[in-house]
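Trainee: I should like to go through this model before setting up any calculations. Could we begin with one pair of charged side chains and then work outwards?

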Amino acid sequence: MTLIYLIAGEQSGDVLGARLMHAIRAKRPEIGFAGIGGEAMAEQGLASLFPIRSLSLMGLFEILPKIFELRTLLKRTVADIQARAPDVLVTIDSPGFTFRVLRALQPTALRRVHYVAPQVWAWRENRVKHFPGLWDELLCLLPFEPPFFARHNLPGRFVGHPVLESGADTGNAQRFRDRHALCADDQIVTIMPGSRQTEVSRLLPILEATIRLLPERIVPVVPLAGPVEEVVRQRAASWPIRPILVRDAEDKYDAFAASSVALTKSGTSTLELALARVPMLVTYRVNPLSHQIAKRLIKIKYASIVNLLLDRPVVPELLQYDSRPDRLAAELHRLLSDQAAVELQRTGCAEALAMLRPPSGTPSEAAADAVLSMLP
């Protein structure tokens, strides 16, 4: 049996992996899968080597205490790949882990595809010199990435952004209000604190304090991400306005449709909200020491992908020391009351989303075609 080995290190990669598996199976139903993934990939039939929450770390000072555990997981992963001898290895994002796997396997003849280009265009561009030989094919989500890597003699293939297939734009606002017994004049605010333990632990206290500064008719809604579901449930229990916690995709997208505004961490969640036409405010915080290191290396002007694509601040961003409850609440209030600002943001988001479509088919189909082209 033809075997494809996939490695996803966090929830967003798990979703990408699941869609990729589905698209591959639609074209080649006889292909088998093995590797590391989460709930979404498990639903597609993957028995994960170990839980991906073990890899959901971010930032130098968050990783250091887990370094020996991560080394053990790395050795275990490489040994499993060598024992199974797959036809193709697909690593999905999470470069801190997946690149170490690729480097360990570099001397072998195994065909390797890396899905989601490393964001070296954002910071530490000199890392590019370490990439030659790591993979045979690089699948890019953003249209400006292949030209960037081409300048470094590293060909990349633009396959489009999977958010276009997420269904984030298919929600039903009335269904959400009926399901949760909400009044017509309740203003719903979606809060998205992230899917990593470290980012959630830093953002949730700020988000709770922000909620305390908003009007009484606000109803906060928090979509739950698998790796951090329990900690979010525990911390949200003390909020002054008990948030509605949603777990499944349909309820989340219904919440989007019903939302007046969203407060989200930077990342793919901004594109989901853009697709759902939800006006948003982006925020983020990391360990202060990690921030001091990163700000000397980061080369881009914006954290939001929408702003990066358009090269202008369509979506407001309040990051690190600007991520304060008083400022976040004031900006949310502005978006709740200024319809002209909302429409301007929606127009810009639509422009950015149009740039994320692949040349043909869906993003997962384009990625599947790239992976299948690597098979003998």
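**A pair within one helix**

Mentor: Glu331 and Arg334 are three residues apart in helix 14 (residues 325-337), so about one helical turn separates them. Please bear in mind that this is a predicted model.

Trainee: How do the side chains of Glu331 and Arg334 meet?

Mentor: They meet in a salt bridge, with an N to O distance of 2.5 Å. A general point on helices applies here: an α-helix has 3.6 residues a turn, so residues three or four places apart point the same way.

Trainee: Is Glu331 buried or exposed?

Mentor: Glu331 counts as buried, because its relative accessibility is 16% and the cut-off for buried is under 20%. Arg334, at 34%, counts as partly exposed.

Trainee: How many salt bridges does a search of the whole structure find?

Mentor: The search finds 21 salt bridges. One of them joins the side chains of Arg28 and Glu30, at 2.5 Å from N to O. Arg28 is partly exposed at 28% relative accessibility, and Glu30 is partly exposed as well, at 42%.

Trainee: Which side chain does Glu250 meet in a salt bridge?

Mentor: Glu250 meets Arg179, with an N to O distance of 3.3 Å. Glu250 belongs to helix 10 (residues 249-258) and Arg179 to helix 7 (residues 173-179), so this pair ties together parts that lie 71 residues apart in sequence. Glu250 is partly exposed at 43% relative accessibility, and Arg179 is partly exposed at 37%.

Trainee: Which residues are linked with Arg179 and Glu250 in a network of salt bridges?

Mentor: The network also includes Arg175, Asp251 and Asp254.

Trainee: Let us turn to the sheets. What is the strand order in the open sheet that contains strand 1?

Mentor: The order is 2-1-3-4-5-6, with six strands and parallel pairing. Strand 2 (32-36) and strand 6 (157-158) have a single partner strand each, so they stand at the edges and one side of each lacks a neighbour in the sheet.

Trainee: Which strands does helix 1 touch?

Mentor: Helix 1 (residues 11-27) packs on this sheet and touches strand 1 (3-8), strand 2, strand 3 and strand 4. Its direction makes about 160° with that of strand 1. Helix 4 (residues 67-84) lies across strand 1, strand 2 and strand 3, and runs at about 170° to strand 1.

Trainee: How many bridges join strand 3 to strand 4?

Mentor: Five bridges join strand 3 (residues 88-92) to strand 4 (residues 111-115), and the two run parallel. Within that pairing, Leu89 has Arg112 of strand 4 as its bridge partner.

Trainee: And helix 5: which of its residues are buried?

Mentor: In helix 5 (residues 95-105), the buried residues are Phe97, Thr98, Phe99, Val101, Leu102 and Leu105. They pack against strand 1, strand 2, helix 4, strand 3 and strand 4.

Trainee: Which residues touch the most other members of the largest nonpolar core?

Mentor: Val90 and Tyr115 do, in a core of 92 residues. Beyond its neighbours within four places in sequence, Val90 is in contact with Ile4, Tyr5, Leu6, Ile7, Leu20, Val113, Tyr115 and Val371. Another core, of 27 residues, lies apart from that one; Leu224, Val228, Val231 and Val232 are among its members.

Trainee: What is the order of strands in the sheet that holds strand 7?

Mentor: That open sheet has six strands in the order 9-8-7-10-11-12, again paired in parallel. Strand 9 (244-246) and strand 12 (317-319) are its edge strands, each pairing on one side only. The twist from one strand to the next averages 20°.

Trainee: Over how many bridges do strand 7 and strand 10 pair?

Mentor: Strand 7 (residues 187-192) and strand 10 (residues 259-265) pair over five bridges, in the parallel sense. Ile191 has Leu263 in strand 10 as its bridge partner. Helix 11 (residues 268-275) lies across strand 7, strand 10 and strand 11 (280-284), at about 165° to strand 10.

Trainee: One last topic: to what does the count of disulfides come?

Mentor: The count comes to zero. As for individual cysteines, Cys183 is partly exposed at 40% relative accessibility, whereas Cys349 is buried at 4%.

Note on methods:
Residues numbered from 1 in each chain as written. Predicted model: local features only at pLDDT ≥ 70, side-chain atom pairs only at ≥ 80, totals over all residues. Heavy atoms only, no water. Pairing = 2+ DSSP bridges. Helix = DSSP H or I, 4+ residues; strand = E, 2+ residues; numbered from the N terminus. Contact = heavy atoms within 4.5 Å. Axes fitted to C-alpha atoms, helices over the stretch in contact; angles between N-to-C directions. Core = buried A, V, L, I, M, F, W, Y, C linked by side-chain atoms within 4.5 Å. Buried < 20%, exposed > 50% of the residue type's maximum accessible area, 1.4 Å probe, protein only. Salt bridge = Lys/Arg side-chain N within 4 Å of Asp/Glu carboxyl O. Disulfide = S-S within 2.5 Å.
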